[in-house]
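Hi,

Here is the structure I said I would pass on. Have a look at it first, and my notes follow below.

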Amino acid sequence: MAHVRRYFEKALDNDESRAKHALLLFQQLYAIEREARDNELDALQRYELRQEKSRPIMDLLGQWIVDEYPKVLPKSSIGKAMHYLAERYNKLYVYLNDGRLELDNNLVENNIRPIAIGRKNYLFAGSHEATQRAAIMYSILGSCKLHQINPYEYLQDIFERLPEHPINKINELLPQNWKTRTNKYSYF
């Protein structure tokens with residue numbers, strides 16, 4: 001839905017009234033999703049909320065496309081936006097039938113963006129070995145984040161321990177197994 005919405009934002013300069021109408025409908029759909037999130041609704045409750053509030057808006061959006069699309073130039077910005085929506089309307093409509101689905105995929109896109117940016121940056125890591133070392137560090141830092149560990153404290157602690165830590169117990173130092181020393185300055 002976010003991609004469809006962006007097409008209509010781009011079309012504001014081309015056909016402001018139609019683009020604003022579509023954007024108003026999208027805004028209402030997103031407001032309903034915000035309400036579900038704010039009220040911490042479970043999947044069944046989200047489904048019921050969508051049936052009551054979102055389905056009429058989606059139906060209105062679908063009918064609007066049927067009525068208005070033939071009136072616009074297909075190569076214009078608004079024509080491209082309407083075509084993009086019309087081609088995907090049935091697939092977008094599916095989210096109404098399952099409260100576990102999100103209105104858009106922005107959460108996923110935001111989570112994978114660092115990977116995509118990193119992929120470009122890895123081209124300039126200097127060597128294959130440097131890229132592998134960077135991947136190891138990203139994995140360690142990602143594991144720290146997953147286990148809600150402060151990466152600075154974790155790295156400082158394991159670097160202090162490593163010289164004397166038994167190699168057969170190295171798994172103890174992995175983020176998922178790591179336990180900070182209660183008093184790391186005590187030598188007794």
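Let's start with a spot to find on screen: in which loop does Gln 148 lie? Gln 148 sits in the loop between helix 6 and helix 7. Keep in mind throughout that this is a predicted model.

Gln 148 caught my eye for its backbone. Most residues other than glycine have a negative phi. Gln 148 isn't a glycine, yet its phi is positive, near 55 degrees. As for its surroundings, Gln 148 counts as exposed, at 76% relative accessibility, because the cut-off for exposed is over 50%.

There is another residue of this kind. Glu 40, again not a glycine, has a positive phi of about 50 degrees. You'll find Glu 40 in the loop between helix 2 and helix 3. Glu 40 is exposed too, with a relative accessible area of 72%.

Back to the two helices on either side of Gln 148. Helix 6 covers residues 128-146 and helix 7 covers residues 151-161. They pack at an angle of about 120 degrees, and their axes are 9 Å apart. Roughly perpendicular stops at 115 degrees and roughly antiparallel needs over 145, so helix 6 and helix 7 are oblique to each other. The crossing of helix 6 past helix 7 is right-handed. On the helix 6 side, the contact is made by Met 137, Ile 140, Leu 141 and Cys 144, and on the helix 7 side by Pro 151, Tyr 154 and Leu 155. Sorted by class, that contact has seven nonpolar residues, no polar ones and no charged ones.

Now the inside. The largest nonpolar core has 32 residues. Met 1, Phe 8, Phe 26, Leu 29, Met 58 and Leu 85 are the ones with the most contacts inside it. At least two residues of this core come from each of helix 1 (2-10), helix 2 (16-38), helix 3 (43-68) and helix 4 (77-93). Helix 2 gives the most, with nine residues.

Leu 29 is a good one to click on. If you leave aside its neighbours within four places in sequence, Leu 29 is in contact with Met 1, Ser 54, Ile 57, Met 58, Tyr 95 and Leu 103. There is also a second, separate core of seven residues, with Cys 144, Ile 149, Tyr 154 and Leu 173 among them. Cys 144 and Tyr 154 may look familiar, as both also take part in the contact between helix 6 and helix 7.

Happy browsing!

How values were computed
Residues numbered from 1 in each chain as written. Predicted model: local features only at pLDDT ≥ 70, side-chain atom pairs only at ≥ 80, totals over all residues. Heavy atoms only, no water. Axes fitted to C-alpha atoms, helices over the stretch in contact; angles between N-to-C directions. Helix = DSSP H or I, 4+ residues; strand = E, 2+ residues; numbered from the N terminus. Parallel < 35°, antiparallel > 145°, perpendicular 65-115°, else oblique. Left-handed = near helix turned anticlockwise from the far one by under 90°. Contact = heavy atoms within 4.5 Å. Nonpolar A, V, L, I, M, F, W, Y, C, P; charged D, E, K, R; others polar. Core = buried A, V, L, I, M, F, W, Y, C linked by side-chain atoms within 4.5 Å. Buried < 20%, exposed > 50% of the residue type's maximum accessible area, 1.4 Å probe, protein only.
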